[in-house]
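Colleague: Could you take me through one part of this model in close detail? I'd like to hear about the second helix and what it meets.

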Amino acid sequence: MDYVDQMSTSMGMNGLMNIFIVLVCIACSWWALQELQLDKIVKKPKSIQSKVLQIFLSIALGYQVAKFFVDYFHWSTWLSGMF
C-alpha cells in the first residue's frame, strides 16, 4: 500500500506543478498580448467582446506554451533513463 501512496503523491505533485506552469504561461501571454494593437483588428477595442477575445487568445497561447514546457520536461526525464 505504501507504493500506491507514493504514486498518488507523485501524481498529485505533478498535477499541481502542471497547473502552476499553465497559469504562469497564461499570465505571461496576457502580459505579452497587451502590446498587440487590437484596435486595428477589432471594430470596438474597448468592448466586452474585445476583452473576451484577448482572454481567449491568452489562454490558447499560454496553454500551448505551457504544454511545450511540460512535454519538454517529460522528454528530458525520459532521456535520463537511457544512461
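Modeller: Here is a walk along that helix, with its partner and the rest of the chain brought in where they help.

First, a word on ground rules: this is a predicted model, so local features need pLDDT of at least 70 and side-chain atom pairs count only at pLDDT 80 or more, while totals for chains, interfaces and linings use all residues. Residues are numbered from 1 along each chain as its sequence is written, and side-chain values use heavy atoms, with hydrogens and water left out.

The chain has two helices and zero strands; helices here are DSSP runs of H or I with at least four residues, strands are runs of E with at least two, and both are numbered from the N terminus. Helix H2 covers residues 48-80. H2 has 33 residues and reaches 48 Å from its first C-alpha to its last, close to the 48 Å expected at 1.5 Å a residue. That expected span is 1.5 Å times one less than the number of residues in the helix. The partner, helix H1 (residues 2-33), has 32 residues and reaches 46 Å, close to its own expected 46 Å.

Now for what H2 hides. The buried residues of H2 are Ser50, Gln54, Ser58, Gly62, Ala66 and Val70. Buried means under 20% relative accessible area, exposed means over 50%, and partly exposed is in between, with a 1.4 Å probe and protein chains only. Those buried residues of H2 pack against H1. On the other side, Cys25, Ile26, Ser29 and Leu33 are buried in H1, and the buried residues of H1 pack against H2.

Glutamine 54 is a good place to zoom in. Glutamine 54 lies in helix H2 and is buried, with a relative accessible area of 5%. Leaving out residues up to four places away in sequence, glutamine 54 touches Trp30, Leu33, Gln34 and Leu38; contact means heavy atoms within 4.5 Å. Leu33 is also one of the buried residues of H1.

Further along, you can look at H2 from the H1 side through valine 22. Valine 22 sits in helix H1 and touches Tyr63 and Ala66, again not counting residues up to four places away in sequence. Ala66 is among the buried residues of H2. Valine 22 and isoleucine 59 are 37 residues apart in sequence, yet their C-alpha atoms are 8.9 Å apart in space.

H2 also carries the one salt bridge in the structure. A salt bridge here is a side-chain nitrogen of Lys or Arg within 4 Å of a carboxyl oxygen of Asp or Glu. The side chains of lysine 67 and aspartate 71 meet in it at 3.2 Å, N to O. Lysine 67 and aspartate 71 are separated by about one helical turn, because they are four residues apart in H2. Lysine 67 is partly exposed at 38% relative accessible area, and aspartate 71 is partly exposed too, at 24%. For a sense of distance from lysine 67 to H1, take serine 10, which lies in that helix: the two C-alpha atoms are separated by 19 Å, with their positions 57 residues apart along the chain. Serine 10 is partly exposed, with a relative accessible area of 45%.

What about the cysteines on the partner helix? A disulfide is a pair of cysteine sulfur atoms within 2.5 Å, and by this rule the count comes to zero. Cysteine 25 is in no disulfide, as the nearest cysteine sulfur, in cysteine 28, is 6.2 Å away; that is too far for a bond. Cysteine 25 is buried, with a relative accessible area of 12%, whereas cysteine 28 is partly exposed at 43%.

Stepping back to the whole chain, the C-alpha atoms fill a box of roughly 60 × 30 × 15 Å along the principal axes. The radius of gyration is 18 Å, while a compact globule of 83 residues would have one near 12 Å; the radius is taken over C-alpha atoms, and the globule rule is 2.2 Å times the number of residues to the power 0.38. Buried residues make up 16% of the 83 residues. Among contacts between residues at least 6 apart in sequence, 72% join residues at least 24 apart.
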